[in-house]
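Visitor: I should like to take a close look at the nonpolar interior of this protein and at the aromatic rings within it. Could you guide me through that part step by step?

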Amino acid sequence: MTKFKSDFLHTLSERGFIHQVSDETGLDDLLCKETVTAYIGFDPTAPSLHAGSLIQIMMLHWFQATGHRPISLMGGGTGMVGDPSFKEEARQLMTVDTIEGNIASIKRVFSNYLTYGDGPKDALMINNADWLRSLNYLEFLRDVGRHFSVNRMLAFDSVKTRLDREQSLSFLEFNYMILQAYDFVELAQRTGCRLQMGGSDQWGNIINGIDLGHRMGTPQLYALTSPLLTTSSGAKMGKSMNGAIWLNPDMLGPYDFWQYWRNTEDADVSRFLKLYTTLPMDEITRLSALGGAEINEVKKILATEVTAILHGRAAADEAAETARKTFEEGAIADNLPSIDVAVAELESGLGLLGLIVRAGLAASNGEARRHVQGGAVRINDSQVSDERMMIGSSAVTADGVIKLSLGKKKHILVRPA
């Protein structure tokens, strides 16, 4: 492991964030000498980012925590094109209204990780639509496009992989790397930004920006990428059996977010404590040494700490307590996820398979049937085996709900409404 002098690179190195740096010595020296500005771009492909983006957000957090100025760049301009990096096919094009709506929604989570303001170390929220949407195409081709070699662009892994598979790469997508490179130069000129960070799949795009900056007269620019993470079993970070682990609370509540981290595989606990919490390294070292039954307590700490940053300490503690009551006491905790069902529907009876799908515990009746046949489904903690079972108002407990469970860890309260 490289020995860094700057607090930022030292912190990132010991916590496992660093995959590649364009000039380790030069960037380390710069970070020691002055307050540096760095950015990470986020394309608004949905109304919320998911847990796969947390490693990037945490990099910005540590950048500010070690005395520097981070920029969260919203891709209001690049989002109109879509990043083709390592994608098998083109992204669906979005309207300007959709992009702006997604950005307004995405922005809400960043203030949990960064402090925004007008001070020299306060974070900036910038939208690249401010300069990209007003570009004059012919001037852009002449002033910026002439600096790019198509031969070199074709050699980048993100493009080469697509072409090697004989999958179409449109001219629109091919322009994405030029626009991203131009973002770096624009931010260097507007804010003095010297560093772009991102996932390892962005390395080629970032290097393009450094090269363009050199040709257009900026000071030396730098690149830093993080590893693309998967879980120990190979699953993609930020995804679960039921879909994406969204960061916006209106798309995924604190309890389900907490549960995602509580279910971390044993082999990932230490790594995730370093990447996704702000616990001191000596405490992480102590927790990482625990094994056996104690590893489950460490997972609860991981889940609570990650949830506390995003949703607040009170919501994280409430999620932990809800889980404790549900799993350790067998109680029905009010804060479990719930769905409302009309009283009239319950009185006439609801099919079990349809209710499982409606509760989000299965994607189809066929999948729900397999869960029932496998003995994984319970109503009010009693296992059910009849896939044709009808759920009526008689199933409502004294607590005024029906507890629908899949396995030991997924519980939904069905509330008559």
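Guide: What follows is a walk through the nonpolar core, its aromatic rings and, for contrast, a patch on the surface. Please keep in mind that this is a predicted model.

Let us begin with a general point. In soluble globular proteins, nonpolar side chains tend to be buried together. Here the largest nonpolar core has 68 residues, and the members that touch the most other members are F8, M197, L224, W261 and Y276. Helix α3, which covers residues 54-65, supplies the largest share of this core, with eight residues. A second, separate core consists of 31 residues, among them L132, F156, L187 and A188.

Which residues does Y276 contact, leaving aside its neighbours within four places in sequence? They are L54, I55, M58, L229, M237, W261, V306 and I309.

We may now turn to the aromatic rings. A pair of aromatic rings is described by the distance of the centres and the angle of the planes. The structure contains nine aromatic pairs. In one of them, the ring centres of F8 and F63 lie 4.9 Å apart; because their planes meet at 85 degrees, and over 60 counts as edge-to-face, the pair is edge-to-face. This pair links distant parts of the chain, since F8 belongs to helix α1 (residues 7-15) and F63 to helix α3, 55 residues apart. Both F8 and F63 are buried.

A further pair is formed by F272 and Y276. Their ring centres are 5.4 Å apart and their planes stand at 75 degrees, so this pair is edge-to-face. F272 and Y276 are four residues apart in helix α13 (residues 269-276), and therefore about one helical turn separates them. F272 is buried, as is Y276. These two residues also belong to a cluster, in which ring pairs link F257, Y260, W261, F272 and Y276.

Finally, let us consider the surface. Y137, L138, L141 and F171 make a nonpolar surface patch of about 460 Å². Helix α6, residues 137-143, gives the most to the patch, with three residues. L138 lies in helix α6. Is L138 buried or exposed? Its relative accessible area is 64%; since exposed means over 50%, L138 is exposed. By contrast, Y276, which is among the residues that touch the most other members of the largest nonpolar core, is buried.

How values were computed: Residues numbered from 1 in each chain as written. Predicted model: local features only at pLDDT ≥ 70, side-chain atom pairs only at ≥ 80, totals over all residues. Heavy atoms only, no water. Core = buried A, V, L, I, M, F, W, Y, C linked by side-chain atoms within 4.5 Å. Buried < 20%, exposed > 50% of the residue type's maximum accessible area, 1.4 Å probe, protein only. Helix = DSSP H or I, 4+ residues; strand = E, 2+ residues; numbered from the N terminus. Contact = heavy atoms within 4.5 Å. Phe/Tyr/Trp six-rings, centres within 6.5 Å; stacked < 30°, edge-to-face > 60°. Patch = residues over 30% accessible without salt bridge, like charges linked within 9 Å, V, L, I, M, F, W, Y side chains within 5 Å. Areas by Shrake-Rupley, 256 points an atom, 1.4 Å probe, with all protein chains shown as cover. Salt bridge = Lys/Arg side-chain N within 4 Å of Asp/Glu carboxyl O.
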